[in-house]
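Reader: I'd like to learn how to read a fold from its coordinates. Can we go through one together, feature by feature?

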Amino acid sequence: MSHPADTPSIPLAPEVLRNATLPDGRRADIHLADGRVAALVDQPDRADRPDTGRGPAAGPGGIDLGGALVLPALVDGHAHLDKTLLGAPWQPHLTSATLREHIANERALRSSVGVPVTDRATALAHRMVSLGTGHVRSHVDIDPDVRLDGLHALVEVREKFRDRLGIQIVAFPQSGVVTAPGVADLLDAALSEGADLIGGLDPAGFDADVDGQLDIVFGLAERHGAGIDIHLHDGGVTGTRQLRDIAQRTAALGLNGTVTVSHAYALGDVDATELDRTATALAAAGVAIMTNGPRHSMPPVLRLRDHGVRVFAGSDNIRDTWWPYGTADMLERATIIGLQGDLMSDAELRHAASMITDEAAAALGLTGYGLAPGCRADLVVVAAGGVPEAVAAHPRRLLVLHGGRVVGPAPETDYPHFPAISATGGDATALQGER
């Protein structure tokens, strides 16, 4: 399989994507110019249209999609590019009894894995692009051990991928804020040296000082004009109280639309009264919630939506010390969230899709995003007849565009080659024929 960019019949910067199925089910030609969507021209019913039989190309500068679904670029609202072990040899997963123990294990491994952050993050970013992700928010560890080294590595990767993948960086205090000497100053420096947002970690459960951590996080956000994205794993009413504290501070500082709480497990394990009280506060303050569809305590997506809370999706960890799973496929992530949240109807599957497209883009503050005239031509073509099918089947990506240019999917040669395996008396090359 060759990369579309290396195939003569597929232009690098197509002028029109013909015979596309739009997210609303219409069939249209998508005209592109100067890296943006110039026009959507509806086509007549398929029965009234002759079959040109021209295959992937449709005239000079055009590509015939044959009715494939076109979505705006997928958005990964929460990842950890610096943590991934992609690009390194497989590492067996180590279990840990506590969060602090796991962080210590991670520190030990990252100093011995032997593959630089830039290389591992680059491997993951390549995979994201190939699977149709056009924008990602990545947290990066800021702690007394790694200091700003991980940040500088991701700033380098962000620049390398600037024409293929938009990367937002969150300065993430993985080892705490109040309890980790010097971290507050490091977070301040990170916001001056390339980080876009300030993060936090379990103000009660990890730092045991809710006001102390939030004073620092919101103070830095206000000083630098930065957004906020706080990891909150604390469950029960301990978690919901912190959510309301965050909402109150957000409203008081006028930060509506710039604050996210990632995970917010507490929303999935409190009673209806506590949930509704907290959801009302979050909606009024414009605080968004990110979920990756955990196996337990997932925030109730539809109930929060009905309260007016923006809920969007992210991968979280991808093949790292936290868990060995993760593919970087955001359509697969929508599937996971749909299964966990019992999203079954076509309307509910469409909502799952919005969590990796429109809702995530809005939470990240992306401008010019979408599939309408004037929007950036950040698009992904998938082998599905409609949005519900795309979520249920997380199908192949056929074409990926960023700023109107073809950037994916990646060729199979991007994957590592292994030595041929030969059976006695057999031909080893036959075993490789389907690669």
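Reader: Let's begin with strand pairing. In which sense do strand 8 and strand 9 pair, and over how many bridges?

Author: Keep in mind that this is a predicted model. Strand 8 (residues 166-172) and strand 9 (residues 197-201) pair in the parallel sense, over 2 bridges. For one concrete contact, take Val 170: its bridge partner in strand 9 is Leu 197.

Reader: And what order do the strands have in the open sheet?

Author: The order is 6-7-8-9-10-11-12-13, so to speak read straight off the numbering, for an open sheet of 8 strands with parallel pairing. Strand 6 (74-79) and strand 13 (311-313) stand at the edges with a single partner strand each, so one side of each has no neighbour in the sheet. From one strand to the next, the twist averages 25 degrees.

Reader: Which strands does helix 5 touch, and what angle does its direction make with strand 9?

Author: Helix 5 packs on the sheet and touches strand 9, strand 10 and strand 11. Its direction makes about 175 degrees with that of strand 9.

Reader: How does helix 9 run relative to strand 6?

Author: Helix 9 (residues 330-340) runs at about 70 degrees to strand 6. It lies across strand 6, strand 7, strand 12 and strand 13.

Reader: Now helices on their own. What span should helix 6 have, and how far apart are its end C-alpha atoms?

Author: Helix 6 covers residues 236-252, which is 17 residues, and at 1.5 Å a residue it should span 24 Å. The end C-alpha atoms are 25 Å apart, which agrees.

Reader: Which residues of helix 6 are buried?

Author: Here's the general idea. An α-helix has 3.6 residues a turn, so residues three or four places apart point the same way. Now the case here: the buried residues are Gly 236, Gly 239, Thr 240, Gln 242, Leu 243, Arg 244, Ile 246, Ala 247 and Thr 250.

Reader: What do those buried residues pack against?

Author: The buried residues of helix 6 pack against two helices and three strands: helix 5 (210-224), helix 7 (272-285), strand 10 (227-232), strand 11 (259-263) and strand 12 (287-291). Helix 6 is then followed by Gly 254, whose phi is positive, near 65 degrees.

Reader: Speaking of phi, which residues have a positive phi although they are not glycine?

Author: First the background. Most residues other than glycine have a negative phi, and most peptide bonds are trans. Asp 34 goes against that with a positive phi of about 55 degrees, and His 394 does so with about 30 degrees.

Reader: Where do Asp 34 and His 394 lie?

Author: Both are in loops. Asp 34 is in the loop between strand 2 (27-33) and strand 3 (36-42), and is exposed, with a relative accessible area of 80%. His 394 is in the loop between helix 12 (387-393) and strand 15 (397-402), and is partly exposed at 29%.

Reader: And which peptide bond is cis?

Author: The one from Gly 408 to Pro 409, with omega near 5 degrees. Pro 409 sits in the segment after strand 16 (405-408).

Reader: Last topic: how many salt bridges does the count come to?

Author: The count comes to 17 salt bridges, taking a side-chain nitrogen of Lys or Arg within 4 Å of a carboxyl oxygen of Asp or Glu. One of them joins Asp 229 and Arg 137, with the closest N and O atoms 2.9 Å apart. This pair links distant parts of the chain, strand 10 and strand 7 (residues 133-141), 92 residues apart.

Reader: Are Asp 229 and Arg 137 buried or exposed?

Author: Buried: Asp 229 has a relative accessible area of 0%, and Arg 137 has 3%.

Reader: Where does the Arg 26 salt bridge go?

Author: To Asp 42, with the closest N and O atoms 2.8 Å apart. Arg 26 lies in the loop between strand 1 (16-21) and strand 2, and Asp 42 in strand 3, so the pair ties together parts 16 residues apart in sequence. Arg 26 is partly exposed at 33% relative accessibility, and Asp 42 is partly exposed at 46%.

Key:
Residues are numbered from 1 along each chain as its sequence is written. Side-chain values use heavy atoms; hydrogens and water are left out. Helices (H or I, at least four residues) and strands (E, at least two) are DSSP runs, numbered from the N terminus. Buried means under 20% relative accessible area, exposed over 50%, partly exposed in between (1.4 Å probe, protein chains only). The expected span of a helix is 1.5 Å times one less than its number of residues. Contact means heavy atoms within 4.5 Å. Two strands pair if DSSP finds at least two bridges between them. Axes are lines fitted to C-alpha atoms, for helices over the stretch in contact, and angles run from 0 to 180 degrees between N-to-C directions.
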